[in-house]
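The following exercises are to be worked with the sequence and the 3D structure at hand. Each task is followed by a solution in steps.

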Amino acid sequence: MKPVPSCVLRAAFGTTLALASLVASAQSIVMASTTSTEQSGLFSHLLPAFKAASGIAIKVVALGTGQALDMGRRGDADVVFVHDQVAEEKFVADGFGLQRRAVMYNDFVLIGPKADPLAARGKDIVEALKKIAAANGAFISRGDKSGTHAAELRFWKMAGDAKGNGYKECGCGMGPALNIASSSGAYILADRGTWLNFRNRADLAILVEGDRRLFNQYGVMVVNPARHPQVKQAEAQKFVDWIVSPAGQSAIAAYKIGGEQLFFPNAGP
């Protein structure tokens, strides 16, 4: 038997390396998440660090929390990273997701015109909404079944559910909703992370913050492969394990804008 020429061996070795590189680069998962995590700039900071640690790329589809959970229910995502704990727990209880893990928190803030013509400023979100409703003040709601929208509706319910004639739903993400509020001088509930990264503020400012009811918890779940066999469970679980690990939690804490921390890690069960 004739020996294989070295040039053939080199070519074969090169092909093997190329295929291995192709397989490695093909390691990717889809994450359904919120517009707040995307538009705050957090993922631009986190995901390169995760890829460097794991070799896994993540494609983010940024939606409202309700729509992100729907993506998971359809099996169109491998992992879901959202902020509506009640809805997340139901997602797992209904068999669409594996264990829910707490990841981090920030808070909601009420934004409005600096002059605050309706005297909403203070530390009580419910009283602020009552004043806006009583004056039929302009209020922009995301109206998109997002985690922010769900929280806003809870606060309106506490305030008596009378929203006034100035209440408008845009059916849009946090950034576009803030743009509408900015151009119209309206009040709006926003997550602090997106607000800090928002540049088109015009005459808007934070008017209500510090109310304990404005706490905003984020959770992450792998989509259940028993429901959808195409789910890349191993790769998705690697992301979950990383984001709740000391390395992932430190990366979250390190993300700041103008020296201000946007999200606070609190990994837990």
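**Exercise 1. Salt bridges**

Task: State how many salt bridges a search of the whole structure finds, and which residues are linked in a network.

Solution. The model is a predicted one. Searching the whole structure yields twelve salt bridges. A network of salt bridges links Asp107, Arg192 and Glu209.

**Exercise 2. Two pairs within helices**

Task: For the salt bridges Asp70 with Arg73 and Lys130 with Glu127, give the N to O distance and the place of the partners.

Solution.
Step 1. In the salt bridge between Asp70 and Arg73, the closest N and O atoms are 2.7 Å apart. About one helical turn separates Asp70 from Arg73, because they stand three residues apart in helix 4 (residues 65-74).
Step 2. For accessibility, the cut-offs are under 20% for buried and over 50% for exposed, with partly exposed in between. Asp70, at 35% relative accessibility, is therefore partly exposed, and Arg73, at 26%, is also partly exposed.
Step 3. The side chains of Lys130 and Glu127 form a salt bridge at 3.4 Å, N to O. Helix 6 (residues 125-134) holds both Lys130 and Glu127, three residues apart, which is about one turn of the helix.
Step 4. Lys130 has a relative accessibility of 35% and so counts as partly exposed; Glu127, with 37%, is partly exposed.

**Exercise 3. Asp144 and Arg142**

Task: Are the partners Asp144 and Arg142 buried or exposed?

Solution.
Step 1. Asp144 and Arg142 form a salt bridge whose closest N and O atoms are 2.9 Å apart.
Step 2. The relative accessible area of Asp144 is 10%, so Asp144 is buried. Arg142 is buried as well, at 3% relative accessibility.

**Exercise 4. The surroundings of Ser182**

Task: Locate Ser182 and name the residues it touches.

Solution.
Step 1. Ser182 belongs to helix 8 (residues 174-184).
Step 2. Because its relative accessibility is 10%, Ser182 counts as buried.
Step 3. Leaving aside residues up to four places away in sequence, Ser182 touches Phe198, Asn200, Arg201, Ala202 and Leu204.

**Exercise 5. The largest pocket**

Task: Describe the volume and the lining of the largest pocket.

Solution.
Step 1. The largest pocket holds about 230 Å³ of space.
Step 2. Its lining consists of 15 residues, and Gln85, Arg154, Phe215, Asn216 and Gln217 lie nearest the centre.
Step 3. Helix 5 (85-93), helix 7 (147-158) and strand 9 (215-222) are the elements that each give two or more residues to this lining. Helix 7 gives the most, with five residues.
Step 4. By class, the lining comprises six nonpolar, five polar and four charged residues.

Terms used. Residues numbered from 1 in each chain as written. Predicted model: local features only at pLDDT ≥ 70, side-chain atom pairs only at ≥ 80, totals over all residues. Heavy atoms only, no water. Helix = DSSP H or I, 4+ residues; strand = E, 2+ residues; numbered from the N terminus. Buried < 20%, exposed > 50% of the residue type's maximum accessible area, 1.4 Å probe, protein only. Contact = heavy atoms within 4.5 Å. 1 Å grid on protein atoms, 1.4 Å probe; cavity = no way out; pocket = protein on both sides within 12 Å on 5 of 7 lines; lining within 4 Å. Points joined across faces, edges and corners; volume = space filled by probe spheres on them. Nonpolar A, V, L, I, M, F, W, Y, C, P; charged D, E, K, R; others polar. Salt bridge = Lys/Arg side-chain N within 4 Å of Asp/Glu carboxyl O.
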